Amino acid sequence: MGFEFTERLNKLPPYLFVEIDKAKRKVRAEGRDIIDLGIGDPDEPTPKEIIGALYKAAQDPQNHHYPLDQGNSIFRDRIARWYKERFQVSLDPEREILPLLGSKEGISHMPLAFINPGDVSLIPDPCYPPYKGGTILAGGVPYLMPLRDENNFLPDLNKIKKSALKKAKVIYINYPNNPTASICRKGFFEEVAIFAKKYNLIVASDAAYSEIAFDGYRPDSFLKAEGGKETGVEFHSLSKTCNMTGWRIGFVCGNEKIIAGIAKVKSNIDSGVFNAIQMAGITALDISDKHLERMNKIYQERRDALVDGLNKLGWAIKKPKATFYVWARLPKKSKSSIEFAGLVLDKADIIITPGIGFGENGEGYVRFALTVSKERIQEAVQRLKKVL
Ligand SMILES: *Cc1c(COP(=O)(O)O)cnc(C)c1O
């Protein structure tokens with residue numbers, strides 16, 4: 001029988017990490033001792049307090065039913081309190097907060113609520129792939145805003161073509177940034193809000209790494225900026241914050257109308273996050289300060305081990321202030337990010353992500369994820385000696 005994929009499915013690029021995972025399984029099967037600095041998935045376990053909260057909540061039959069689409073009200077209240085304490089932003093738990101099955105889910109479903117076929121999303125490049133994927137699945141057209149080192153990996157809003165702005169409905173921003181590990185200067189969020197108002201754009205601020213930061217730096221919220229709540233929403237995730245990638249829990253906060261749109265899409269697709277996981281999410285926010293103090297110290301030590309180690313080998317890389325990634329310009333002799341990542345895998349049994357996987361402007365770079373122990377990172381540096 002001749003089944004055919006839709007045009008929109010055919011337009012989607014293959015999901016980067018599915019491809020990398022295939023390559024990884026192949027070399028693992030050969031019995032090689034691989035150091036995986038590829039995907040950004042915390043290696044440390046979920047804190048035991050959170051697991052305990054899940055265990056307790058899972059035993060309550062009340063939690064065995066369909067969760068409410070709009071999310072558990074105690075969890076929403078806890079998120080509101082966390083936002084207030086962490087960012088000094090007030091949110092209405094009824095209308096301005098929505099739990100998600102991981103923030104990727106909300107990020108990729110949002111365009112279905114606000115993008116008509118042919119509408120444009122303004123998307124940083126390189127970027128986290130679901131901004132493009134969600135836009136394409138909604139029939140929209142990604143317009144890429146290059147992130148360049150000379151502009152500190154911020155998009156240059158003045159360079160966006162007028163023709164694209166006419167059709168643009170959404171602008172994605174992501175600071176602290178994946179994959180470049182860059183942070184944004186003070187005032188950038190305000191500039192984005194002013195720009196969004198001028199062109200009637202929805203701002204989708206992806207704050208997945210708002211809690212992973214070093215050297216005393218504390219990332220800010222887009223919603224705190226003047227005009228923030230008027231123009232946008234912010235996506236948060238417990239995945240990176242509390243080592244909960246497998247649990248699938250995140251939330252989106254901000255503009256009431258945008259939240260209502262996402263909620264309407266979701267109510268037609270899923271039926272919410274398992275109540276016991278939302279209860280565990282409350283505990284996650286309760287213990288996050290203490291947990292993050294420990295984790296950020298660990299990531300900072302790993303960052304220093306990697307960057308200091310590579311600098312000693314003559315590879316000049318700057319230390320990022322946030323995220324658990326290091327974004328490194330390719331060493332002089334290498335031709336492409338795919339070729340270099342392949343060489344590193346063949347010669348050093350290390351997995352790193354080629355920058356091109358995050359978009360055409362990622363070419364010329366590779367990304368290291370700091371999600372293995374300091375000792376393994378030191379071992380990786382030793383092995384890289386052979387390659388560099
Ligand atoms: C990991 C990540 C997410 C989302 O993770 P979820 O597990 O779906 O909550 C979102 N944005 C960026 C930039 C990420 O790196």
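In this predicted model, a polar side-chain atom of Tyr209 lies 2.6 Å from an oxygen atom of the ligand. The protein covers 94% of the 380 Å² of accessible area that the ligand has on its own. The points below turn from the surroundings of the ligand to Ser210, and then to an open sheet of seven strands and two of the helices that lie against its strands.

**Ligand surroundings**

- The ligand is surrounded by 13 residues, of which the closest are Asp206, Tyr209, Ser237, Ser239 and Lys240.
- Ser237 places a polar side-chain atom 2.6 Å from an oxygen atom of the ligand, while an N or O atom in the side chain of Ser239 is found 2.5 Å from a ligand oxygen atom.
- Two or more residues of the shell around the ligand come from each of two elements, namely helix H5 (103-114) and helix H10 (238-241).

**Ser210 and its contacts**

- Ser210 belongs to the loop that runs between strand S6 and helix H9 (228-231).
- With a relative accessibility of 3%, Ser210 counts as buried, because the cut-off for that class is under 20%.
- The side chain of Ser210 is joined to that of Glu211 by a polar contact of 2.6 Å.
- When neighbours within four places in sequence are left aside, the residues in contact with Ser210 are Trp82, Arg86, Phe87, Pro176, Pro219 and His236.

**The sheet**

- The seven strands of the open sheet follow the order S2-S8-S7-S6-S5-S3-S4, and their pairing is mixed.
- Strand S2 (97-100) and strand S4 (141-146) form the edges, each of them pairing on one side only, and from one strand to the next the twist averages 25°.
- Strand S3 (residues 120-125) and strand S5 (residues 168-173) run parallel and are joined by three bridges, and the bridge partner of Leu122 in S5 is Ile171.

**Helices against the sheet**

- Helix H4 (residues 73-87) packs on the sheet, where it touches S2, strand S7 (232-237) and strand S8 (250-254), and the direction of this helix makes about 65° with that of S8.
- Helix H6 (residues 130-137) lies across S3, S4, S5 and strand S6 (202-206), and its course runs at about 160° to S3.

Notes: Residues numbered from 1 in each chain as written. Predicted model: local features only at pLDDT ≥ 70, side-chain atom pairs only at ≥ 80, totals over all residues. Heavy atoms only, no water. Pairing = 2+ DSSP bridges. Helix = DSSP H or I, 4+ residues; strand = E, 2+ residues; numbered from the N terminus. Axes fitted to C-alpha atoms, helices over the stretch in contact; angles between N-to-C directions. Contact = heavy atoms within 4.5 Å. Buried < 20%, exposed > 50% of the residue type's maximum accessible area, 1.4 Å probe, protein only. Polar contact = N/O pair within 3.5 Å; in protein donor to acceptor, adjacent residues only side chain to side chain. Near = heavy atom within 4 Å. Areas by Shrake-Rupley, 256 points an atom, 1.4 Å probe, with all protein chains shown as cover.
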